[in-house]
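Here's a quick tour of a protein model for anyone just getting started with structures. Have a look at the picture first, then we'll walk through the strands, a pair of helices and a few single residues.

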Amino acid sequence: MASAATLVQPTGEMWKQIRIDLNENVNTRDRDLAIIKEWLKKQPHLPDEWSDTCLMSFLRGCSFSLEKAKRKLDMYFTMRAACPEFFTNRDVDRPELDDLLKRAQGAPLPGLTPKGRRVTFCRATTNTIDAHYLNNAFKVAMMYGDVRLMEESEGIGGDVFILDASVVSPSHLAKISISHVKKFFICVQEAYPVKLKEVHVVNVSPIIDAVITMVKPFLKDKIKKRIFVHSDLKTLYDYVPQKMLPEEYGGSSGLSLDEINNAWIEKLRSYKQWFKEQESMIANEALRPGKPTNYDELFGIDGSFRQLRID
């Protein structure tokens, strides 16, 4: 059995199908990587070099569209500068992160669905989660995302998120910072090479409709249509094989969600130095050709979102 923190990679026919889904030509992908690396060196406001593995993750997430990959990369490094609350002090042994990780879980499951999709299961383990935990929860989510940039060595067929809403209450909803939620969704949708295929909400209560209504304005239209609410876990199994799921949710993976998350905490701990080094990998607006990015405009004080223009 794979380790609880292992990202099992696609092989065989699944691997071949994912190559098609990602528009990846194994004969030309190294050339595409070289083009992106050369482009990065020529951008005065961006880091000169970055991990080949991370850059390849961006190419795959952008279906090997070089122009889209450039936009995503520029946005990624821009967001890292614009949102220090998400991208600095990323040490799981810091008291505030240690506290959060005892109250909430959100690690990827080891295996892949039959379509080659990665499943991430998120839940709070106590109802004593308050609004002040939100930025740290978003920070940890980005930490998982950055580790995956390094470790998804073959690419996947997309992402599936399962959200357990059992402890969500009206008091939580009243305290949520809309601006923080908006920043998070802009980061995920515009700066990360994520192909979000499905979002499943389980253990629902009447308040969930209000939560979904609150976040929908920050979601792309295609993602809004991929949210599924389940009043019974059995309907979840139509999308995610029961054999993949942790034991607490009727799964037969042989792993509990606690085991999976504890293993991932150790993985995050092993990346401690890497996270620290990544803090300098940001966009320098003083060196950006043309007009520097205005963060207030970027996040849309008026409710809009402004795309970066890439030359």
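Let's start with one pairing: Gln105 has Arg123 as its bridge partner, and Arg123 sits in strand β3. Keep in mind that this is a predicted model. Strand β3 is a handy place to begin, and the strands that pair with it come next.

**Strand β3 and its antiparallel partners**

- Strand β3 covers residues 118-124, and six of its seven residues are buried, so the rest of the structure largely encloses it.
- Strand β1 (residues 104-105) runs antiparallel to β3, and two bridges join them.
- Strand β2 (residues 108-112) is also antiparallel to β3, again with two bridges joining the pair.
- If you want to find a spot where β2 and β3 face each other, look at Leu112, which stands opposite Arg118 in β3.
- β2 and β3 form a hairpin with five residues between the strands, and in that hairpin Gly116 has a positive phi near 80°.

**The parallel side**

- Strand β4 (residues 159-164) pairs with β3 in the parallel sense, over five bridges.
- Two spots to look for along this pairing: Arg118 stands opposite Asp159 in β4, and Val119 has Val160 of β4 as its bridge partner.
- β4 then pairs with strand β5 (residues 196-202), also in the parallel sense, over six bridges.
- Val160 turns up again here, because its bridge partner in β5 is Glu198.
- Something to remember while you look at strands: in a regular strand, side chains alternate between the two faces of the sheet.

**Two helices that cross**

- When two helices pack, people describe them by the angle between their axes and the distance between those axes.
- Here, helix α2 (residues 29-41) and helix α4 (residues 66-82) have axes that come within 11 Å and cross at roughly 45°.
- That angle makes α2 oblique to α4.
- The crossing of α2 past α4 is right-handed.
- Which residues make the contact? From α2 they are Asp32, Ile35, Ile36, Trp39 and Leu40, while α4 brings Leu66, Ala69, Lys70, Leu73 and Phe77.

**Cysteines without a disulfide**

- How many disulfides does a search of the whole structure find? The count is zero.
- Why is Cys83 not bonded to Cys187? The closest cysteine sulfur to that of Cys83 is in Cys187, but at 4.1 Å it is too far for a bond, since a disulfide needs the two sulfur atoms within 2.5 Å.
- Seen from the other end, Cys187 is in no disulfide either, and the nearest cysteine sulfur belongs to Cys83.
- Are these cysteines buried or exposed? Cys83 counts as buried at 0% relative accessibility, and Cys187 is buried too, with a relative accessible area of 0%.

**Positive phi outside glycine**

- Ser63 isn't a glycine, yet its phi is positive, near 55°.
- You'll find Ser63 in the loop between α3 (52-61) and α4, where it counts as partly exposed at 23% relative accessibility.
- Asn203 is another non-glycine residue with a positive phi, near 55°.
- Asn203 lies in the loop between β5 and α10 (207-215), and at 36% relative accessibility Asn203 counts as partly exposed.

Note on methods:
Residues are numbered from 1 along each chain as its sequence is written. This is a predicted model: local features need pLDDT of at least 70, side-chain atom pairs count only at pLDDT 80 or more; totals for chains, interfaces and linings use all residues. Side-chain values use heavy atoms; hydrogens and water are left out. Buried means under 20% relative accessible area, exposed over 50%, partly exposed in between (1.4 Å probe, protein chains only). Helices (H or I, at least four residues) and strands (E, at least two) are DSSP runs, numbered from the N terminus. Axes are lines fitted to C-alpha atoms, for helices over the stretch in contact, and angles run from 0 to 180 degrees between N-to-C directions. Angles under 35 degrees count as roughly parallel, over 145 as roughly antiparallel, 65 to 115 as roughly perpendicular and the rest as oblique. A crossing is left-handed if the near helix is turned anticlockwise from the far one by less than a right angle, and right-handed if clockwise. Contact means heavy atoms within 4.5 Å.
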